[in-house]
Amino acid sequence: MGNGDRVADTPPRDRPEAATAGGPTAVRVPEPPERRRGAGGGWKRLLVLGAFLLPALVVLGALVVYPILFSVIRSLYDRAGDAFIGVQNYETIFTNRQTLTAVKNNVIWVVFAPTVVTALGLVFAVLTERIRWATAFKVAVFMPMAISFLATGVIWRLIYDEDPNKGLANAVIQGTAGIIRQPGEYAGARASEEDALRREGGAFVTSRTFSSGDTAGLGLVALTPQDLPPDAGTAAQPPQAPSGAITGTVWLDFTRGGGGESGVVDSTEKGLPRVTVEAVRDGQVAATAETAADGTFTLEGLEGGRYTLRLAESNFRPAFAGFSWLGPTLVTPAMIVAYIWMWAGFAMVVIGAGLAAIPRDVMEAARVDGANEWQVFRRVTVPLLAPVLAVVLVTLAINVLKVFDIVLVMTSGTASAASAEVIALRMWKAAFGGARDFGLGSALAVFLFLLVAPAMAFNIKRFRTEG
Amino acid sequence: MATATADAGTLPRPQRRGLAGRLVEAVTAGPARLFLLVVGFLWLVPSFGLLMASFRPAEVQATGWWQAFTNPGQLTITNYVALLEQASVTGDFAVASLIAVAGTIAIAAATRATMAEGWPRIAGWVVIGGLSAYMLYSFYVVGGIAAAIVLAVAVPTLVTAARAAFEGGGLGRLAVTTLLVILLEVISLIPPGGGILTALRNSVLITVPSCVLLVLIGAGAAYAFAWVKFPGRDIVFLIVVALLVVPLQVGLIPIADLYGKLGLFGTIPGVVLFHVGFGLPFAVFLLRNFFIGIPHELLEAARMDGASEWRVFSRVVLPLGIPAIASLLIFQFLWVWNDLLVALVFAGSDAAPLTVAIREQLRTFGGNIQIIAPGAFIQMLVPLIVFFAFQRYFVQGLLAGSQR
């Protein structure tokens, strides 16, 4: 800001450094000499001045200055504007649960969003300096700046959908997680006789113990025939156990259309292939086997002693259900990511312009002195960019304080609509939602204004020093 | 990286670098390049997802848009056709659209002919004036005041483009402008009650006048602040600078109250006026800082020749200020087109722009993707076109400091 005098005579493409926001090299343009006109020109001059200035002053006065005063006064009155209640509305901001949530969320936004955006912008600006296809990259990152908060919200709601079949974020996580931790084939199964086969963690453990030569029937239910793998064959009776072995069948203890006896392998019931069965003694796994297509298994190498049988947890591990990104716990960080996507380009472009204005020889001198790239960045580039970084941070902080649309769009109709609110959204809901509380609404607006006021001082100070 | 050394040549750095230096550069540039490639890709995926989703009909929305890669048959224009069908195209609309198309082409041709040698200028201007008046009248009859305002904006644009096309000899610019103007006119004539399409019309009717009004009012004030001495000028301008960051939330309640008394609440002019008010500090700030950089000899010379203040403004300052005005126009356009809050408060259901119409559908997000996705895509396509066409001015405006 305050650099219009430099932009004026130079198209930005030719001299990008001309557009350094807040750069230290402002050129002072001489004031126009006072015009001398004959007496009698006074009235005419006033008229001309009025024609140029008055429309703007009237609009600014009526639509910006008057509302500030009106809001301050209105915030001291109650909901309907009949009774003077002093600072009660301001007390409400810090005592009411809803407004407090909004203030807290705004703090999270203001702390994280501007810093991450600025840091990313700095990294992008520095890295693109030496890349030939930098323009393509810059366009890709900068493009979201032209998109509305509304469209951004819609775009990211598509990404954040909780169902991994629909939401890209969860689909990617499911895809990578599936490689590391395969979901079990029989997620959701229950034991058919729950006192014989207990659930323990994710696994199933028999209540009784078995010894060499015993056979075990381990029936499961709560799986539909469609859940079964295609190679599941008709369940077979456990084979005769040889010495030193325990045999058994793991099967779906459910006969379609009714009939069938619980705990008994009936003729039409299906075996469950590829279930890992373990024989456990004193917490140690003594033998492991996998069921065949008919559900039978043979645990071998078991000499004397009694064993409990366990169906391993990996068979029943539930599939990844998807993070609920827009649920109450993750919603604010998730929205900040969307905001970063939108604004990183802004930071990149402004910082990039600042970078272009830094004299090359300073960095080159540092390199000649033996500084490596990181030292040049840390000790030369960043300090020289400090004024630009400050401008970007302040601009983003102001913007983030007023964040509204993205929260409204991304939470509307979800369970986190109440817990993700920010001040601007609460203000709108208080004043124009059902409550029609213009007193509290005005107080919230004035509160926002007060939060932005330091930036106002920053602007004026910068303007006065730079002209 | 094989290209690392080639890249180094494009940078203004000493050519003589040791082998070690080049090696370090190759090692550091490789990962950086990969990183940027990945980031650039990541940055494009979200928008691309919306584009894909907007072309997938309701039946397949239970699965993600990437399924269309393996099954391209899922991509159809059904959703967009459904949006078009919402608007009942009335006879009036058809007639007025024809007038708009024919009239605009006629105006472009007449203006261009007028500029040619051998044509009596006055006759040309009479033709242009007559056509404009007739179109204005028919727009007023069919589309109401707002549509007439859009036309009043469109005609001068067209005339200017035609003149420029003649002087520069290029027809391309004239053709593009004519098409744009026709598009604006036809959109502004869409009848009410047409769902998303009517909302598109309202977006145009809100955005175009607010841009033009802002430039008219802002440029005048900026000129006064830059080049007319008056007592208290610096103080008043500092106040304008201070107003730059006033959150528009401060304006909502008081102006809702004011509009209620004036009968502007819920109307398009009400929304337009609000945008002009809160756009003014930035407009005055941007333009004043630009105007003050104009060499004062130019202004003094014009004044010596006896030019009036108005003439200096319109013949010297405005033409020189076109880059800044372009920045301002793009900013205001994007700002107003993309606005949700102001329209949510001040636009009634008949005046609701696209953003408000889409947000209405959001309550049941999952079930309405086939309406939301194409709507949102149209909503974002318009600013993207503006962005790509005028990127340079957009960046210029950003750097001049937008803190809204």
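# Exercises on a two-chain model

In helix α6 of chain A, the buried residues are A:Phe149, A:Leu150, A:Ala151, A:Thr152, A:Gly153, A:Val154, A:Ile155, A:Trp156, A:Arg157, A:Leu158, A:Ile159 and A:Tyr160. The model is predicted, and for this reason local features need a pLDDT of at least 70 and side-chain atom pairs count only at pLDDT 80 or more, whereas totals for chains, interfaces and linings use all residues. Residues are numbered from 1 along each chain as its sequence is written, while chains are lettered from A and ligands numbered from 1 in the order in which they are written.

**Exercise 1.** Compare the expected span of helix α6 (residues 149–160) of chain A with the distance between its end C-alpha atoms, and state how many of its residues are buried.

*Solution.* Begin with the terms: helices (H or I, at least four residues) and strands (E, at least two) are DSSP runs, numbered from the N terminus. The expected span of a helix is 1.5 Å times one less than its number of residues. For the 12 residues of α6(A) this rule gives 16 Å, and the end C-alpha atoms are 16 Å apart, so the two values agree. For the second part, a residue is buried if 20 or more other C-beta atoms, placed from the backbone, lie within 10 Å of its own, exposed if 12 or fewer do, and partly exposed in between. By this count 12 of the 12 residues of α6(A) are buried, and the helix is mostly covered.

**Exercise 2.** Classify A:Phe297, A:Arg274 and A:Arg436 as buried, partly exposed or exposed.

*Solution.* Take A:Phe297, which is placed in strand β9 (residues 296–299) of chain A; it has 25 other C-beta atoms within 10 Å and is therefore buried. Apart from neighbours within four places in sequence, A:Phe297 is in contact (C-beta atoms, placed from the backbone, within 7 Å) with A:Thr247, A:Gly248, A:Val250, A:Val277, A:Ala289, A:Glu290 and A:Thr291. Next, A:Arg274 lies in the loop between β6 (246–252) and β7 (276–281) of chain A, and, with 16 other C-beta atoms within 10 Å, A:Arg274 is partly exposed. Last, A:Arg436 lies in the loop between α12 (423–432) and α13 (438–466) of chain A, where 11 other C-beta atoms within 10 Å make it exposed. The backbone adds a further detail, for phi of A:Arg274 is near 60 degrees, a positive value in a residue other than glycine, and A:Arg436, also not a glycine, has a positive phi of about 55 degrees.

**Exercise 3.** Decide how helices α14 and α17 of chain B are oriented to each other, and do likewise for α7 and α8 of chain B.

*Solution.* Axes are lines fitted to C-alpha atoms, for helices over the stretch in contact, and angles run from 0 to 180 degrees between N-to-C directions. Angles under 35 degrees count as roughly parallel, over 145 as roughly antiparallel, 65 to 115 as roughly perpendicular and the rest as oblique. Helix α14 (residues 322–338) and helix α17 (residues 369–389) of chain B pack at about 170 degrees with their axes 10 Å apart, and therefore α14(B) and α17(B) are roughly antiparallel. Here B:Ile330, B:Phe333, B:Leu334, B:Trp337 and B:Asn338 of α14(B) meet B:Val382, B:Pro383 and B:Val386 of α17(B). In the other pair, the axes of helix α7 (residues 172–188) and helix α8 (residues 196–227) of chain B come within 8 Å and cross at roughly 120 degrees, which makes α7(B) oblique to α8(B). The residues in contact are B:Leu184, B:Ile187 and B:Ser188 of α7(B) with B:Leu200, B:Arg201, B:Val204, B:Leu205 and B:Val208 of α8(B).

**Exercise 4.** Describe the side of chain A that touches chain B, by helix and by class of residue.

*Solution.* The contact takes 90 residues from chain A and 90 residues from chain B. On the side of chain A, the largest share, 16 residues, comes from helix α2 (residues 41–74) of chain A. For the classes, Ala, Val, Leu, Ile, Met, Phe, Trp, Tyr, Cys and Pro count as nonpolar, Asp, Glu, Lys and Arg as charged, and the others, Gly among them, as polar. The side of chain A that touches chain B then has 63 nonpolar, 13 polar and 14 charged residues.

Methods. Contact = placed C-beta atoms within 7 Å.
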